[in-house]
There are 2 protein chains.
Amino acid sequence: MIDFACKQFKIDQVIKCSLGLTKAEYKIFEYLLKHQAGKISTTDLSKKTNLDLTTIQKSVKKLYEKGILIRTQKNMDGGGYVFCYQVKDKSEIKQTVLKTINSWVEKVDFEMREWNKK
Amino acid sequence: MIDFACKQFKIDQVIKCSLGLTKAEYKIFEYLLKHQAGKISTTDLSKKTNLDLTTIQKSVKKLYEKGILIRTQKNMDGGGYVFCYQVKDKSEIKQTVLKTINSWVEKVDFEMREWNKK
């Protein structure tokens, strides 16, 4: 648990919030972290996470845009392709999270300077 | 307002918590900050803050021990003395607050490293 101003936070909560993820996005993120090796299609993700395909598609798009997921194209035998997803390296994600937390702390620093002037 | 993990905090809350103050102690602290110039006795503090003398005495003791207040001895005409209190310089208090906040952040850092190893 992490303390901040007499409130307690789980690390999961801190990560979820600092990456700005919805509940569904975080569920996908968590699932992919546990299965880092593999690339997975949205259809399979839907089966594994019990989230409907529309939610999955919306969520992986957001996760990809946020730079949390890597997207690869898998060509189908009969032509066409599907996108497959995998999560980026944990160290990279850690850096992103820490950057956001630093920006929160800078705000404290700023407000303390204002407080000092009062 | 300060954001931390999708919760919002007032700077007052952050200060109060990082200094580990009770409601009464914070009330006294706030009063003294607004009247930084003067030294004040516990009796006068009680009148000004509407807190009973026992609470005041317990609170200033804690605030003094925490290094937030300065205590001076005022000799009485008829012999004996009373203690008078004033708050330390805001910059010093700011440093104490920031130190605690840094220790909170170090915890996040630590937990993120643990998370990275999982």
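What covers the buried residues of α1(A)? I started there, working on a predicted model.

**Entry 1: helix α1 of chain A**

I listed the buried residues of helix α1 (residues 11-18) of chain A and got A:Ile11, A:Val14, A:Ile15, A:Cys17 and A:Ser18. I then looked up their cover. From chain A, the cover includes β1 (2-4), β2 (7-9), α2 (23-34) and α5. From chain B, the cover includes β1 (2-4) and α5 (90-117). I also noted A:Gly20, just after α1(A), which takes a positive phi of about 65 degrees.

**Entry 2: α5 of chain A against α1 of chain B**

Next I looked at a contact between the chains. Helix α5 (residues 90-117) of chain A packs with helix α1 (residues 11-18) of chain B at an angle of about 95 degrees. The axes of the two helices are 10 Å apart. Angles of 65 to 115 degrees count as roughly perpendicular, so α5(A) and α1(B) are roughly perpendicular to each other. I wrote down who makes the contact: α5(A) gives A:Val108, A:Glu111, A:Met112 and A:Trp115, while α1(B) gives B:Ile11, B:Val14 and B:Ile15. By class I have six nonpolar residues, one charged residue and no polar residue in this contact. I added a general remark on spacing: an α-helix has 3.6 residues a turn, so residues three or four places apart point the same way.

**Entry 3: chain A as a whole**

I stepped back to chain A. Its secondary structure comes to five helices and five strands. Read from the N terminus, the order of the elements is β-β-α-α-β-α-α-β-β-α. I checked the radius of gyration of chain A, which is 18 Å, well over the 13 Å that the globule rule gives for 118 residues, so chain A is more spread out than a compact globule. The C-alpha trace of chain A spans about 70 × 25 × 20 Å along its principal axes. Of the 118 residues of chain A, 42% count as buried. The accessible surface of chain A comes to about 6,900 Å², and 49% of that belongs to carbon and sulfur atoms. I also looked up sequence separation: among contacts in chain A between residues at least 6 apart in sequence, 46% join residues at least 24 apart.

**Entry 4: α2 against α4 in chain A**

At what angle do α2(A) and helix α4 (residues 53-65) of chain A pack? I found about 75 degrees, with the axes 9 Å apart. α2(A) and α4(A) are therefore roughly perpendicular to each other. On the α2(A) side the contact is made by A:Ala24, A:Glu25, A:Ile28 and A:Phe29. On the α4(A) side I noted A:Thr55, A:Ile56, A:Ser59, A:Val60, A:Lys62 and A:Leu63. These residues divide into six nonpolar, two polar and two charged.

**Entry 5: A:Ala24**

I picked A:Ala24 from helix α2 of chain A. Is A:Ala24 buried or exposed? Buried means under 20% relative accessible area, so A:Ala24, at 16% relative accessibility, counts as buried. Leaving out residues up to four places away in sequence, A:Ala24 touches A:Leu51, A:Thr55 and A:Ser59. The C-alpha atoms of A:Ala24 and A:Val60 are separated by 9.7 Å, with the two positions 36 residues apart along the chain counted as their separation.

**Entry 6: B:Ser59**

I turned to chain B and looked up B:Ser59, which is placed in helix α4 (residues 53-65) of chain B. B:Ser59 counts as buried at 4% relative accessibility. With residues up to four places away in sequence not counted, B:Ser59 touches B:Ala24, B:Glu25 and B:Ile28.

Terms used:
Residues are numbered from 1 along each chain as its sequence is written. Chains are lettered from A and ligands numbered from 1 in the order in which they are written. This is a predicted model: local features need pLDDT of at least 70, side-chain atom pairs count only at pLDDT 80 or more; totals for chains, interfaces and linings use all residues. Side-chain values use heavy atoms; hydrogens and water are left out. Axes are lines fitted to C-alpha atoms, for helices over the stretch in contact, and angles run from 0 to 180 degrees between N-to-C directions. Helices (H or I, at least four residues) and strands (E, at least two) are DSSP runs, numbered from the N terminus. Angles under 35 degrees count as roughly parallel, over 145 as roughly antiparallel, 65 to 115 as roughly perpendicular and the rest as oblique. Contact means heavy atoms within 4.5 Å. Ala, Val, Leu, Ile, Met, Phe, Trp, Tyr, Cys and Pro count as nonpolar, Asp, Glu, Lys and Arg as charged, and the others, Gly among them, as polar. The radius of gyration is taken over C-alpha atoms; the globule rule is 2.2 Å times the number of residues to the power 0.38. Buried means under 20% relative accessible area, exposed over 50%, partly exposed in between (1.4 Å probe, protein chains only). Accessible areas come from the Shrake-Rupley method with a 1.4 Å probe; for residues, only the protein chains shown count as cover.
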